[in-house]
Amino acid sequence: MHDGCSGKFENGKQVLEKLRMMGFSEQLMPIPAEITCIDCGDSITMDTFEYKCPSCGMTYAVTPCHAFDATNIMAAGK
């Protein structure tokens, strides 16, 4: 089931499902990412591979293999 770093995802929900399946969702990212929430516009520091905006509840996800670049972080919905 694990395909290394070659996995391709169409949306953030798929990333989130993969993280949870692999047990990585609550693990700390190697380097926290500063992002702007697409729903409320707040600046947030994402420090786990699954992160929920504290202001509005929008969930974000990124795989460990792609966490080095904030552009890989995808919104997974509320």
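**How do you know? Questions on the labels in this model**

Reader: Which residue follows α1, and what is the sign of its phi?

Author: G23 comes after α1, and its phi is positive, near 80°. Bear in mind that this is a predicted model.

Reader: Now the charges. How many salt bridges does a search of the whole structure find?

Author: The search turns up two salt bridges. One joins the side chains of R20 and E50, the other those of D39 and K78.

Reader: What makes R20 and E50 a salt bridge?

Author: The N to O distance between their side chains is 2.6 Å. The cut-off is 4 Å, and the pair has to be a side-chain nitrogen of Lys or Arg with a carboxyl oxygen of Asp or Glu, so R20 and E50 qualify. The partners come from distant parts of the chain: R20 belongs to helix α1 (residues 12-22) and E50 to strand β3 (residues 50-52), 30 residues apart.

Reader: Why is E50 called buried?

Author: Its relative accessible area is 18%. Buried means under 20%, so E50 gets the label.

Reader: And how do you know that D39 and K78 form a salt bridge?

Author: Their side chains come to 2.5 Å, N to O. That is within 4 Å, so this pair passes too. D39 sits in the loop between β1 (28-36) and β2 (43-48), while K78 is in the segment after β5 (74-77), so the bridge ties together parts that are 39 residues apart in sequence.

Reader: Are D39 and K78 buried, partly exposed or exposed, and how do you know?

Author: D39 has a relative accessible area of 41%, and K78 has 67%. Exposed starts over 50%, so K78 is exposed. D39 lies between 20% and 50%, so D39 is partly exposed.

Reader: On to the sheet. What makes β3 and β5 edge strands?

Author: The open sheet has three strands in the order β3-β4-β5, paired antiparallel. β3 and β5 each have a single partner strand, so one side of each is left without a neighbour in the sheet. From one strand to the next, the twist averages 30°.

Reader: How do you know that β4 and β5 pair?

Author: Pairing needs at least two bridges, and these strands have three, so they count as paired, in the antiparallel sense. Strand β4 covers residues 59-61, and T59 has G77 in β5 as its bridge partner.

Reader: What about β1 and β2: how many bridges join them?

Author: Five bridges join this antiparallel pair, so the requirement of at least two is met. One example is L28, whose bridge partner in β2 is T48. The hairpin has six residues between the strands, and G41 takes a positive phi near 85°.

Reader: Why do you say the buried residues of α1 line one face?

Author: The buried residues of α1 are G12, V15, L16, K18 and L19. Looking down the axis of α1, they fall within an arc of 160°, so they line one face of the helix. As background, an α-helix has 3.6 residues a turn, so residues three or four places apart point the same way. On the other side of α1, K13, E17 and R20 are exposed.

Reader: What do the buried residues of α1 pack against?

Author: They pack against β3, β4 and β5. The helix lies across these strands, running at about 85° to β5. Within β5, A76 is in contact with G12, K13 and L16, and also with T59 and Y60, leaving aside neighbours within four places in sequence. At 9% relative accessibility, A76 is under 20% and therefore buried.

Reader: What makes the link between T48 and E50 a polar contact?

Author: A polar atom of the T48 side chain lies 2.4 Å from the backbone oxygen of E50, which is within the 3.5 Å limit. T48 is part of strand β2, and its 14% relative accessible area is under 20%, so T48 is buried.

Reader: Last one: why is I31 called exposed?

Author: I31, in strand β1, has a relative accessible area of 62%. That is over 50%, so the label is exposed.

Notes
Residues are numbered from 1 along each chain as its sequence is written. This is a predicted model: local features need pLDDT of at least 70, side-chain atom pairs count only at pLDDT 80 or more; totals for chains, interfaces and linings use all residues. Side-chain values use heavy atoms; hydrogens and water are left out. Helices (H or I, at least four residues) and strands (E, at least two) are DSSP runs, numbered from the N terminus. Buried means under 20% relative accessible area, exposed over 50%, partly exposed in between (1.4 Å probe, protein chains only). Axes are lines fitted to C-alpha atoms, for helices over the stretch in contact, and angles run from 0 to 180 degrees between N-to-C directions. Contact means heavy atoms within 4.5 Å. The arc is that of the directions from the helix axis to the C-beta atoms. A polar contact is a pair of N or O atoms within 3.5 Å; within protein, one must be able to donate a hydrogen and the other to accept it, and residues adjacent in sequence count only if both atoms are side-chain atoms.
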